[in-house]
Amino acid sequence: IDKFSIIAVSRYINMLAKLLQSVRYVNLVGVVALLLAAMAALGWASLKSLTTIMLIINSGAQDAKIPIALIEVVDSFLITTALFVFAFSLYELFIGGLKVPGWMLAHNLQELKAKLSGVIVLVIVVKFVERLVKWENPSDTLFFGLAVAVVSAVLIALTNVGASGKD
């Protein structure tokens, strides 16, 4: 192999490295989409809050639906927060550092999956509590609770198995 071939191969390798380094910015599409979804969810959660406040005021805090409405408000803000965390984490993982509290970031894909699993577990548990408070059909509630327990256990187990293998 002559000197010119080595130089040509080296140039191609450098060009490929620059291309790969630039491709990471494609993830900005996901970051922007998540931020837009988070802002929309924030509006949705805020409207739920206002509706719940109006329910409390108009009923003199006597409506039986108030506890469920309050749980739904918490659930909607939980989803909103998760969307922001995922947007910040994607940016941190692929683009660069951010000055936000540490709990708002995942520093690798395993942490991001763990945060997603945690949010899913919390959301389905909140849905179970909503159903429990309504208490319309005990056998359906029991089966729903068992399904929530199984899905939660699987997600927690997968998160722990993945975390133990990341040494």
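Where does Ala61 lie? The points below answer that and then work through the rest of this predicted model.

1. **Ala61.** Ala61 sits in the loop between α2 and α3. Its backbone deserves a look. Ala61 is not a glycine, yet its phi is positive, at about 60°. The residue has a relative accessible area of 48%, so it ranks as partly exposed.

2. **Overall make-up.** The protein chain contains five helices and zero strands. Followed along the sequence, the pattern reads α-α-α-α-α. The radius of gyration is 23 Å, while the globule rule gives 15 Å for 167 residues. The value is well over the rule, so the chain is more spread out than a compact globule. Along its principal axes, the C-alpha trace spans about 85 × 35 × 25 Å.

3. **Burial and surface.** Of the 167 residues in the protein chain, 25% are buried. The chain exposes about 11100 Å². Carbon and sulfur atoms supply 72% of that area.

4. **Contacts along the chain.** Take the contacts between residues at least 6 apart in sequence. Of these, 60% join residues at least 24 apart.

5. **The nonpolar core.** In soluble globular proteins, nonpolar side chains tend to be buried together. Here the largest nonpolar core has 17 residues. Leu34, Leu83, Phe86, Phe88, Leu90 and Leu112 touch the most other members. Helices α2, α3 and α4 are the elements that give two or more residues to this core. The biggest share comes from α3, with seven residues.

6. **Leu83 in detail.** Which residues is Leu83 in contact with, leaving aside its neighbours within four places in sequence? They are Leu34, Ala37, Ala38 and Ala41. Leu34 appears again here, having been listed with Leu83 among the core members that touch the most others.

7. **Thr52.** Thr52 belongs to helix α2, which covers residues 28-58. Is Thr52 buried or exposed? Its relative accessibility is 7%, so it counts as buried. The cut-off for buried is under 20%. Residues up to four places away in sequence aside, Thr52 touches Ala69, Leu70 and Val73.

8. **The salt bridge.** How many salt bridges does the structure hold? There is one. Asp75 pairs with Lys127, and their closest N and O atoms are 3.3 Å apart. The pair links distant parts of the chain, 52 residues apart. Asp75 is in helix α3 (residues 66-94), and Lys127 is in helix α4 (residues 109-134).

9. **Two partners, two settings.** Asp75 has a relative accessible area of 3%, so it is buried. Lys127 has a relative accessible area of 33%, so it is partly exposed. A reader tracing this pair in the model can start from α3 at Asp75 and look for α4 at Lys127.

10. **A nonpolar surface patch.** Not every nonpolar side chain is in the core. Leu16, Leu19, Leu20, Val23 and Val26 make a nonpolar surface patch of about 480 Å². One of them, Leu20, is placed in helix α1 (residues 3-23). Leu20 has 57% relative accessibility, so it counts as exposed. The cut-off for exposed is over 50%.

Notes: Residues are numbered from 1 along each chain as its sequence is written. This is a predicted model: local features need pLDDT of at least 70, side-chain atom pairs count only at pLDDT 80 or more; totals for chains, interfaces and linings use all residues. Side-chain values use heavy atoms; hydrogens and water are left out. Helices (H or I, at least four residues) and strands (E, at least two) are DSSP runs, numbered from the N terminus. Buried means under 20% relative accessible area, exposed over 50%, partly exposed in between (1.4 Å probe, protein chains only). Contact means heavy atoms within 4.5 Å. A salt bridge is a side-chain nitrogen of Lys or Arg within 4 Å of a carboxyl oxygen of Asp or Glu. Patches are made of residues with over 30% relative accessible area and no salt bridge: like charges are joined within 9 Å, nonpolar side chains (Val, Leu, Ile, Met, Phe, Trp, Tyr) within 5 Å. Accessible areas come from the Shrake-Rupley method with a 1.4 Å probe; for residues, only the protein chains shown count as cover. A nonpolar core is a set of buried Ala, Val, Leu, Ile, Met, Phe, Trp, Tyr and Cys residues joined through side-chain atoms within 4.5 Å. The radius of gyration is taken over C-alpha atoms; the globule rule is 2.2 Å times the number of residues to the power 0.38.
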